[in-house]
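This briefing covers one chain, going from its overall fold to its cores, polar contacts and salt bridges.

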Amino acid sequence: MPILQRADEIRSPVLVVHGEIAHSRYFSEDAFKKLKGDNKELMIIPGANHTDLYDNMTKIPFDKMEHFFKTNLR
C-alpha cells in the first residue's frame, strides 16, 4: 500500500516541517498537497538540510511550531 494513499482522509491538524535544501524535500511537498482542510501547514526552513532539524537549535523554528500547536491543538 503506498504510504500517501489515504493522506486526503486526515482531518486532524498537520504541521509538515522540512529543510529547504534537504534531498527529500519533494516528498514533504507531495504529501502536503494530498492533505485536505485548512488546519494544515507546510513549513520550509531556509538553508536547513534534513539533519539540521534534529539538533541544530538555531535552525529549528520553535516559535512557529509553538504557535501552530497552540492554535490547532486545543
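Helices and strands here are DSSP runs, with at least four residues for a helix and at least two for a strand, numbered from the N terminus. On that basis the chain reads β-α-β-α-α along its sequence, with three helices and two strands. The model is a predicted one.

**Overall form**

- The C-alpha trace spans about 35 × 30 × 15 Å along its principal axes.
- The chain has 74 residues, of which 28% count as buried.
- Among contacts with a separation of 6 or more, 67% are between residues 24 or more positions apart.

**The β-α-β unit**

- Strands β1 and β2 run parallel to each other and are paired over six bridges.
- Together with helix α1, the strands β1 and β2 form a β-α-β unit that is right-handed.
- Helix α1 covers residues 25-34, and strand β2 covers residues 40-45.
- Strand β1 covers residues 14-19 and is mostly covered, with five of its six residues buried.
- Val 16 has Leu 42 of β2 as its bridge partner.
- Beyond its neighbours within four places in sequence, Val 16 also contacts residues that include Ser 28, Phe 32 and Leu 35, as well as Glu 41 and Met 43.

**Nonpolar cores**

- The largest nonpolar core has six residues: Leu 4, Ala 7, Val 14, Val 16, Ala 31 and Leu 35.
- A second core, separate from that one, has five residues, among them Leu 15, Met 43, Ala 48 and Phe 68.
- Leu 35, a member of the largest core, is located in the loop between α1 and β2.
- Is Leu 35 buried or exposed? Its relative accessibility is 12%, so Leu 35 counts as buried.
- With residues up to four places away in sequence left out, Leu 35 touches Ala 7, Ile 10, Val 14, Val 16 and Lys 40.
- Three of these names, Ala 7, Val 14 and Val 16, also appear in the largest core.
- Leu 35 and Pro 46 are 11 residues apart in sequence, and their C-alpha atoms are 23 Å apart in space.

**Two buried serines**

- Ser 28 belongs to helix α1 and has a relative accessible area of 10%, so it is classed as buried.
- What does the side chain of Ser 28 join in a polar contact? The partner is the side chain of His 18, at 2.6 Å.
- Outside the residues up to four places away in sequence, Ser 28 touches Val 16, His 18 and Leu 42.
- Two of those contacts, Val 16 and Leu 42, are bridge partners across β1 and β2.
- Ser 24 sits in the loop between β1 and α1.
- Because its relative accessible area is 18%, under the 20% limit, Ser 24 is also classed as buried.
- Ser 24 contacts His 18 and His 50, leaving aside neighbours within four places in sequence.
- His 18 is thus in contact with Ser 28 and with Ser 24.

**Salt bridges**

- Side chains of opposite charge can pair when their charged atoms come close.
- How many salt bridges are there? The count is four, and three of them are described below.
- Arg 6 pairs with Glu 9 through their side chains, at 3.7 Å from N to O.
- Arg 6 is exposed, at 53% relative accessibility, whereas Glu 9 is partly exposed at 47%.
- Arg 25 and Glu 29 form another salt bridge, with their closest N and O atoms 2.7 Å apart.
- Why are Arg 25 and Glu 29 separated by about one helical turn? The reason is that they are four residues apart in helix α1.
- Both ends of this pair are partly exposed, Glu 29 at 23% relative accessibility and Arg 25 at 25%.
- Lys 59 and Asp 52 also form a salt bridge, and their closest N and O atoms are 4.0 Å apart.
- Lys 59 is partly exposed, with a relative accessible area of 26%.
- Asp 52 has a relative accessible area of 14%, so this end of the pair is buried.

Key. Residues are numbered from 1 along each chain as its sequence is written. This is a predicted model: local features need pLDDT of at least 70, side-chain atom pairs count only at pLDDT 80 or more; totals for chains, interfaces and linings use all residues. Side-chain values use heavy atoms; hydrogens and water are left out. Buried means under 20% relative accessible area, exposed over 50%, partly exposed in between (1.4 Å probe, protein chains only). Contact means heavy atoms within 4.5 Å. A nonpolar core is a set of buried Ala, Val, Leu, Ile, Met, Phe, Trp, Tyr and Cys residues joined through side-chain atoms within 4.5 Å. Two strands pair if DSSP finds at least two bridges between them. A crossover is right-handed if, with the strands pointing away from the viewer, the path from the first strand over the helix to the second runs clockwise. A polar contact is a pair of N or O atoms within 3.5 Å; within protein, one must be able to donate a hydrogen and the other to accept it, and residues adjacent in sequence count only if both atoms are side-chain atoms.
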